[in-house]
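Reader: I am a first-year student and would like to study one part of this protein closely. Please describe its main nonpolar core, and then explain how the surroundings relate to that part.

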Amino acid sequence: MTRIAVYMTGGIAVYKAVQVVRDLEKNGHEVRVVMTKNAEHFVTSNTLAALTKYPVLDDLWSKENEASIPHVHLARWSELALVVPATANFIAKMANGLADDAASTTILATAAPKMIVPAMNDQMWNNPATRHNVLFLKENGVKIMDPAVGMLAESYAAKGRMPEPADVVDWVEKYLNQKNSLQGKIFVITAGGTEESIDPVRFIGNRSSGKMGFALAENAARLGATVKLIYGNVTANPPQNKNIKMYHATSSEDMFEQVKSEFKKSDVLIMAAAVADWRMPKVADHKLKKQIGQETLNLTLIKTKDILQEVAHHKKHNQLVIGFAAETNDLLENAEKKLKKKGADMIVANDVSHNVFGNDYDQVTLLTQDGHIDKWPRMSKQEIAYGLIEKIARELK
């Protein structure tokens, strides 16, 4: 049983949400309802109070709430927040942290996982502002169900219709069943780029932001895994989750030692970091200054340790190793070579020649040792991470 707070906002589809509440209760969950005043133009709070046997929160300033802080109590009570239907207005409030009524204030105070079921006119759904808000929420871990294509309130068919209640409930149940699917598993995940020092001032680096590695860590932790996140030079904000332990590794050698140590007692290694291929044989102990008349600087570099190959060749039969192949040309050919040479169970190949580093979107292809090639469509890095962690969870079973 899960404690679910259902948020109903002011769209005509709110009548369907009544059935969602009823079905969630039939499935054994404890449900409480928060409603916006606009939602009550379509469905009364009395209906939901009768179904849940609990007062509906729709007003922070009512007489019965004068001596309490109901939005904080409900926020802490919730183990899941489900917004159904979610209007463009409420999605915008969530994305921008606005809190001007009972519903928006309560969900802003909620630390529980959040799921959104949008329902609106297709033009509102496709508006750039809505797309931006939806992407922001996805990037911050909010699960969003795609609207259905069907007859809208405006009497024409388009994308924007709320999915049927049974589909919404199935979506919620699938999420809840997966929530602890990685309980007891230990993931080692690397992120960002490494820095190979030339002298005390300069270093050899790359443009990796750490976004993909961070997204993978967040999604593994949400499914119950303990994550050892080893990160290098990053520009993205690190994840905040009690199941994620952070380790900073500046150079490729630092990262190798940390990965080698943590991998021994782990179930999965995901090498999403962009590790340097070359380093200085010896770092200068002083800044290399320009000399009068000097026009060039020649550096002799040596190969760094191949962390993926070193670790994969020592993995146990019950450990999974996943690597990333960032290529600028001959993507599949180079990724296949990397898969065979390095002994990983899976390679995630992506073309980084077109502004991928630091971007929120990517297009990847998965290659496995049995010769299977799975090309995924272009999607957000959060969506890629979610899909990849789901795939790994199935493999571990």
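**The largest nonpolar core**

Author: Within the largest nonpolar core, which holds 35 residues, the members that touch the most others are Phe187, Leu216, Val227 and Ile270. A nonpolar core here is a set of buried Ala, Val, Leu, Ile, Met, Phe, Trp, Tyr and Cys residues joined through side-chain atoms within 4.5 Å. Two or more residues come from each of β8 (186–191), α9 (211–222), β11 (226–231), β13 (268–271), β16 (320–327), β17 (346–351), β19 (364–368) and α13 (381–396). The helix α9 makes the greatest contribution, namely seven residues. Helices (H or I, at least four residues) and strands (E, at least two) are DSSP runs, numbered from the N terminus.

The model is predicted, and local features need pLDDT of at least 70, side-chain atom pairs count only at pLDDT 80 or more, while totals for chains, interfaces and linings use all residues. Residues are numbered from 1 along each chain as its sequence is written, and side-chain values use heavy atoms, with hydrogens and water left out.

Ile270 shows how the core is joined. Apart from residues up to four places away in sequence, Ile270 touches Phe187, Val188, Ile189, Thr190, Leu216, Ile322, Phe324, Ile389 and Ile392. Contact means heavy atoms within 4.5 Å. A second core, separate from this one, has 32 residues, including Ile4, Val21, Met35 and Trp171.

A charged residue may also be buried. Lys228 belongs to strand β11. Because its relative accessible area is 12%, Lys228 counts as buried; the term means under 20%, whereas exposed means over 50% and partly exposed lies in between (1.4 Å probe, protein chains only). Leaving aside neighbours within four places in sequence, the contacts of Lys228 are Ile186, Phe187, Val188, Ile189, Lys245, Tyr247, Glu262 and Lys265. Phe187 is thus a contact of Lys228 and of Ile270.

For the wider setting, 51% of the 397 residues of the protein count as buried. The protein contains 13 helices and 21 strands. Five of the strands form an open sheet with parallel pairing, in the order β2-β1-β3-β4-β5. Since β2 (30–35) and β5 (143–144) are the edges and each has a single partner strand, one side of each is left without a neighbour in the sheet. Two strands pair if DSSP finds at least two bridges between them, and β4 (residues 114–118) is joined to the parallel strand β5 by two bridges.

Nonpolar residues also occur at the surface. Trp278, Leu297, Leu299 and Leu301 make up a nonpolar surface patch, with about 370 Å² of accessible area together. Such patches are made of residues with over 30% relative accessible area and no salt bridge; like charges are joined within 9 Å, nonpolar side chains (Val, Leu, Ile, Met, Phe, Trp, Tyr) within 5 Å. Accessible areas come from the Shrake-Rupley method with a 1.4 Å probe; for residues, only the protein chains shown count as cover. Leu299 sits in the loop between β14 (278–279) and β15 (302–303). Because its relative accessibility is 34%, Leu299 counts as partly exposed.

Finally, a charged pair offers a contrast with the nonpolar core. A salt bridge, defined as a side-chain nitrogen of Lys or Arg within 4 Å of a carboxyl oxygen of Asp or Glu, joins Lys93 to Asp100 (2.7 Å, N to O). Lys93 is buried at 10% relative accessibility, whereas Asp100 is exposed at 55%.
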